[in-house]
Amino acid sequence: MSKLGAGQLNRCEEMLRGIPDVVSARVVLDGEGSISQIRILAGAERNAASIAADVVAGLKKNFGVDIDPANIIITHLQEPAGEGSEATALSSGERPRFVGLNMSSKGNKIEVRVELSNRGKILSGVAVGPASARNRRRLIAQAMLSALESESESGYSFILEDLTVVTLAGKQVALVAVSLLSPLGEEFLTGSAVVDEEEPEAIVKATLDAINRRLSVLM
């Protein structure tokens with residue numbers, strides 16, 4: 001059996017993205033609703049055979065679906081490598097850290113520059129736009145995403161979908177939604193951060209939180 005029931009496609013792809021080292025996943029159905037192919041984009045930590053075995057087991061356990069491993073197409077951002085390699089270093093848990101933020105007005109526009117520290121390097125991103133209060137928040141997140149894109153060599157793009165600051169349990173919380181575009185399509189990511197002191201710093205942290213799980217294979 002290789003069919004998914006009604007409404008199971010999204011849950012299936014979410015399950016596949018939860019497999020270790022899987023960055024993105026797409027389930028391709030034929031005209032009868034049967035799985036014809038599964039396309040996986042993976043990092044550099046695990047080889048294709050290990051990932052495919054997890055895919056087969058996950059589909060059988062969670063959806064009662066059997067699939068031929070030959071129909072699982074796995075593409076690596078980098079070739080899997082052994083211990084001590086650059087790939088191992090990237091997966092060691094090190095993440096970019098917020099360093100600083102600068103905003104300067106130019107007439108009715110504002111320029112936002114965000115700096116991050118990543119493995120001994122300073123990453124800088126800039127965004128310019130109208131100086132309204134709402135847009136200033138968006139420019140902070142866009143500048144941070146720009147800094148990360150400048151370091152990525154994997155052909156990814158980030159799109160800031162939405163950003164807001166809400167009151168939750170008496171606390172101000174920054175909420176960010178980001179779309180990650182990859183060769184397999186689009187993935188929707190969200191992040192949050194409590195506004196402890198400065199709102200701009202919370203926006204940066206919320207944006208990092210949204211894409212944090214993907215950074216080890218994107219950079």
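Leaving aside neighbours within four places in sequence, which residues is Leu116 in contact with?

1. Status and first answer. This is a predicted model. Leu116 is in contact with Pro96, Arg97, Phe98 and Val99. Its contacts also take in Lys121, Ile122 and Leu123. Met144, Ala147, Leu148 and Val204 complete the set, with neighbours within four places in sequence left aside.

2. The largest core. Leu116 belongs to the largest nonpolar core, which has 35 residues. Leu116, Met144, Val178 and Ile211 have the most contacts inside it. Strand 5 (109-118), strand 6 (121-130), strand 7 (157-168), strand 8 (171-182) and strand 9 (185-194) are among the elements that give two or more residues to this core. Helix 4 and helix 5 (199-211) do so too. The largest share, eight residues, comes from helix 4.

3. A second core. A separate core of 21 residues is also present. Leu16, Val27, Ala52 and Phe63 are included in it.

4. Helix 4. This helix covers residues 133-149, 17 residues in total. From first C-alpha to last it reaches 25 Å, close to the 24 Å expected at 1.5 Å a residue. Its buried residues include Leu139, Ile140, Ala141, Ala143, Met144, Leu145, Ala147 and Leu148. Asn135 and Arg138 are buried as well. Both deserve a look in the viewer.

5. The three-strand sheet. Strands 7, 8 and 9 make an open sheet in the order 7-8-9, with antiparallel pairing. Strand 7 and strand 9 are the edges, each pairing on one side only. The twist averages 15° from one strand to the next. Helix 4 packs on this sheet and touches strand 7 and strand 8. The direction of helix 4 makes about 135° with that of strand 7.

6. Pairing details. Strand 7 and strand 8 run antiparallel and are joined by eleven bridges. They form a hairpin with two residues between them. Ala169, in the turn, has a positive phi of about 55°. Strand 8 and strand 9 are also antiparallel, with ten bridges. Val176 of strand 8 is the bridge partner of Leu163. Val176 also has a bridge partner in strand 9, Gly191. Further along, Leu181 stands opposite Glu186 in strand 9.

7. Helix 5. Does the span of helix 5 agree or disagree with its residue count? It agrees, because 13 residues at 1.5 Å a residue should span 18 Å and the end C-alpha atoms are 19 Å apart. Ala202, Ile203, Val204, Ala206, Thr207, Leu208, Ala210 and Ile211 are buried in this helix.

8. Thr207. This residue sits in helix 5. Is Thr207 buried or exposed? Thr207 counts as buried because its relative accessibility is 0%, and the cut-off for buried is under 20%. Not counting residues up to four places away in sequence, Thr207 touches Ala141, Met144 and Leu145. It also touches Val176 and Val178. Met144 and Val178 are named again here: both are among the residues with the most contacts inside the largest core.

9. Ile51. This residue lies in helix 2 (residues 48-63). Ile51 is buried, because its relative accessible area is 0%. Pro20 is 31 residues away along the chain, yet the C-alpha atoms of Ile51 and Pro20 are separated by 7.9 Å.

Definitions and conventions
Residues are numbered from 1 along each chain as its sequence is written. This is a predicted model: local features need pLDDT of at least 70, side-chain atom pairs count only at pLDDT 80 or more; totals for chains, interfaces and linings use all residues. Side-chain values use heavy atoms; hydrogens and water are left out. Helices (H or I, at least four residues) and strands (E, at least two) are DSSP runs, numbered from the N terminus. The expected span of a helix is 1.5 Å times one less than its number of residues. Buried means under 20% relative accessible area, exposed over 50%, partly exposed in between (1.4 Å probe, protein chains only). A nonpolar core is a set of buried Ala, Val, Leu, Ile, Met, Phe, Trp, Tyr and Cys residues joined through side-chain atoms within 4.5 Å. Contact means heavy atoms within 4.5 Å. Two strands pair if DSSP finds at least two bridges between them. Axes are lines fitted to C-alpha atoms, for helices over the stretch in contact, and angles run from 0 to 180 degrees between N-to-C directions.
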